[in-house]
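Here are some notes to read alongside the structure. They are meant for someone meeting it for the first time, so take the points in order and keep the model open beside you.

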Amino acid sequence: MNLSSTNVTAEFWYRDSFTKAVMKNVTVVLFVIAINYINAVLIHTFHKHEIFYMNPRYILFIHLVVNDMIQTTLTVFLFVISYTFYEINVSFCCIFILISLITTENTPLNLACMAVECYIAVCIPLRHSQICTIKRTFMIIGQIWTVSLLSVLPDLFITLATQPLDFFYSKVFCLRQTAFPHPVIVKKRDVTFAVFLVVVWITIFYTYFKILFTAKMASKDAKKARNTIFLHGFQLLLCMTTYVAPQLLKLLRQRFPKNSTDALFAYYIIVQVLPRSISPIIYGVRDNTFRKYLKM
């Protein structure tokens, strides 16, 4: 879960012709602008109508949208920077990487919480209003940020404790492994990724199959909830490929040595950008309530 997919794409930037580099940057910037515009419309609609900000489901959704806007904006900024300046100050790089890591790790946790809320609404409908309150929803969002912070901040503390002061005034190509180079951080990352992977996927599979079983003998709403969980799972699958990013990036370099930048660019679009475009589809298009108020 890092920006390696963004920056490694530009690691061999000198292999790209000027025209190809411009095309890649323009493509990424326009794609992210389009996604952020749609998300901004959703946020505006959310704040405009009380029906949304009094509903835990939509609160979790809009938190996901805001989080993904921060993440995509930062990744595209670093993508462009990697082509234009190549190296930046380590202190700034650390800040960018930390924010990116936190927001990236927030996404699967938020999706898991949304799946649980959907499960409660379908499988325990009589207790939904008691369990899924507005107060508890904001507490969950706070816990999501706390878990991500606790996962990421040790990288900074280890770096502060092991690197000389001059390191933070130097310039590097902005990657997680260049901003936080200590080998212990890599081992910590692998353990953290494994834990996140297991916990989140168990949550998604459990809620999906419980809703699937309920949907076979229940209402149309239960079947729609099943489909929503399925889309969450697909979105989560794309997001969580970042857990195996180092291995995937190494494989891409080995399989496509002559077209590494093109393969890595495709990886960035599929893994970093595409998952952030699914959220507006799930609630902006499929959700009847959101669709109704978007037209107003």
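1. The protein has 13 helices and 2 strands. Helices (H or I, at least four residues) and strands (E, at least two) are DSSP runs, numbered from the N terminus. Of the 296 residues in the protein, 50% are buried. Here buried means under 20% relative accessible area, exposed means over 50%, and partly exposed is in between, with a 1.4 Å probe and protein chains only.

2. Please keep in mind that this is a predicted model, where local features need pLDDT of at least 70, side-chain atom pairs count only at pLDDT 80 or more, and totals for chains, interfaces and linings use all residues. Residues are numbered from 1 along each chain as its sequence is written, and side-chain values use heavy atoms, with hydrogens and water left out.

3. How confident is the predictor? The term to know is pLDDT, the predictor's confidence in each residue, from 0 to 100. The protein averages a pLDDT of 81, and 82% of the residues score at least 70. Confidence is highest in H7, at a mean of 94, and lowest in helix H1 (residues 4-7), at 40. Please read the start of the chain with care: over residues 1-14 pLDDT stays under 50, and the model has 59 contacts beyond four places in sequence for this stretch. A contact means heavy atoms within 4.5 Å.

4. Contacts also tell us about the fold as a whole. Among those between residues at least 6 apart in sequence, 83% join residues at least 24 apart.

5. A good pair of helices to look at is H5 (residues 90-123) and H7 (residues 134-162), whose axes come within 9 Å and cross at roughly 140°. The axes are lines fitted to C-alpha atoms, for helices over the stretch in contact, and angles run from 0 to 180 degrees between N-to-C directions. The crossing of H5 with H7 is right-handed. A crossing is right-handed if the near helix is turned clockwise from the far one by less than a right angle, and left-handed if anticlockwise.

6. Which residues meet where H5 passes H7? On the H5 side they include Leu98, Leu101, Asn106 and Cys113, and on the H7 side they include Ile144, Trp145, Val152 and Leu156. The residues of this contact divide into 12 nonpolar, 5 polar and 2 charged. In this count Ala, Val, Leu, Ile, Met, Phe, Trp, Tyr, Cys and Pro are nonpolar, Asp, Glu, Lys and Arg are charged, and the others, Gly among them, are polar.

7. Asn67 and Ile141 can both be located relative to Asn106. Asn67 is found in helix H4, and at 2% relative accessibility Asn67 is buried. The C-alpha atoms of Asn67 and Asn106 are separated by 7.5 Å, although the two are 39 residues apart along the chain. Leaving aside neighbours within four places in sequence, Asn67 is in contact with Thr103, Asn106, Thr107 and Trp145. Ile141 lies in helix H7 and is buried too, with a relative accessible area of 11%. From Ile141 to Asn106 is 9.1 Å, C-alpha to C-alpha, across 35 residues of sequence. With neighbours within four places in sequence left aside, Ile141 is in contact with Ile59, Leu60 and His63.

8. The structure holds 11 aromatic pairs. Rings of Phe, Tyr and Trp (its six-membered ring) pair if their centres lie within 6.5 Å; planes under 30 degrees apart are stacked, over 60 edge-to-face and the rest tilted. Phe52 and Tyr293 form an edge-to-face pair, 5.4 Å centre to centre with 75° between the planes. Phe52 lies in helix H3 (residues 50-53) and Tyr293 in helix H13 (residues 288-294), so the pair ties together parts that are 241 residues apart in sequence. Phe52 is buried at 0% relative accessibility, and Tyr293 is buried at 17%. Phe52, Tyr58 and Tyr293 form one aromatic cluster.

9. One last residue to check is Tyr86, which has a positive phi of about 65° although it is not a glycine. Tyr86 sits in the loop between helix H4 (56-84) and strand E1 (87-89), and is partly exposed, with a relative accessible area of 30%.
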